Amino acid sequence: MSSPAHPPLPPGHLAHLARRAGLPLPSDRLADVAATVHAIDTVLGALRGVALGDTPPAPSFTAVPGVAPSRRTS
């Protein structure tokens, strides 16, 4: 199940956060940066919904270049 999408950050709020973080952000870049932040948040929301309970840990696989991955049996 994926997380609900957050609304895009208003450019003014993004400017405030950038100032607090000490990052100079010109006003002509605010809209583009806000759109990028929203796109990243959307992708992360989808990734948060990925069920990882059935994924075996990495050490249970043997990686050999040029060979299909196989599970260790011992």
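This note reviews a predicted model of one protein chain, point by point.

1. Overall fold. The protein chain contains two helices and two strands. Read along the sequence, these elements come in the order α-α-β-β, with the helices preceding the strands. The points below concentrate on the two helices, α1 and α2, and on the segment before α1.

2. Burial and surface. The protein chain has 74 residues, and 9% of them count as buried. Its accessible surface amounts to about 6,100 Å², and carbon and sulfur atoms account for 66% of that area. As for contacts between residues at least 6 apart in sequence, 35% of them link residues at least 24 apart.

3. Helix α1. This helix comprises residues 11-20, and its buried residues are Leu14, Ala15 and Ala18. These buried residues lie on the same side of α1, because they cover an arc of only 105 degrees around the axis. A general rule is useful here: an α-helix has 3.6 residues a turn, so residues three or four places apart point the same way. On the other side of α1, the exposed residues are Gly12, Arg19 and Arg20. Just after α1 comes Gly22, whose phi is positive, at about 80 degrees.

4. Length of helix α2. Helix α2 covers residues 30-48. With 19 residues at 1.5 Å a residue, α2 should span 27 Å. The C-alpha atoms at its ends are 26 Å apart, which agrees with that expectation.

5. The two sides of helix α2. Leu30, Ala34 and Gly45 are buried in α2. They cover an arc of only 45 degrees around the axis, and therefore sit on the same side of α2. The face turned away from this buried side carries Asp32 and Leu47, which are exposed.

6. How the helices meet. Against which element do the buried residues of α1 pack? They pack against α2. Viewed from the other helix, α1 is included in what covers the buried residues of α2.

7. A nonpolar patch. Ile40, Val43, Leu44, Leu47, Val50 and Leu52 together make a nonpolar surface patch of about 560 Å². One of these residues, Leu44, is found in helix α2. Is Leu44 buried, partly exposed or exposed? Its relative accessibility is 38%, so Leu44 counts as partly exposed, since that class lies between the limit of under 20% for buried and over 50% for exposed. Leu47, also a member of the patch, is exposed on the face of α2 turned away from the buried side.

8. The segment before α1. His6 lies in this segment. Its relative accessible area is 44%, and His6 is therefore partly exposed. Which residues does His6 touch, leaving aside those up to four places away in sequence? The residues are His38 and Asp41. His6 and Asp41 are 35 residues apart in sequence, yet their C-alpha atoms are 7.6 Å apart in space. The student may find this pair a useful example of a contact between residues distant in the sequence.

Key. Residues numbered from 1 in each chain as written. Predicted model: local features only at pLDDT ≥ 70, side-chain atom pairs only at ≥ 80, totals over all residues. Heavy atoms only, no water. Helix = DSSP H or I, 4+ residues; strand = E, 2+ residues; numbered from the N terminus. Buried < 20%, exposed > 50% of the residue type's maximum accessible area, 1.4 Å probe, protein only. Contact = heavy atoms within 4.5 Å. Areas by Shrake-Rupley, 256 points an atom, 1.4 Å probe, with all protein chains shown as cover. Patch = residues over 30% accessible without salt bridge, like charges linked within 9 Å, V, L, I, M, F, W, Y side chains within 5 Å. Salt bridge = Lys/Arg side-chain N within 4 Å of Asp/Glu carboxyl O. Arc of directions from axis to C-beta. Expected span 1.5 Å × (residues − 1).
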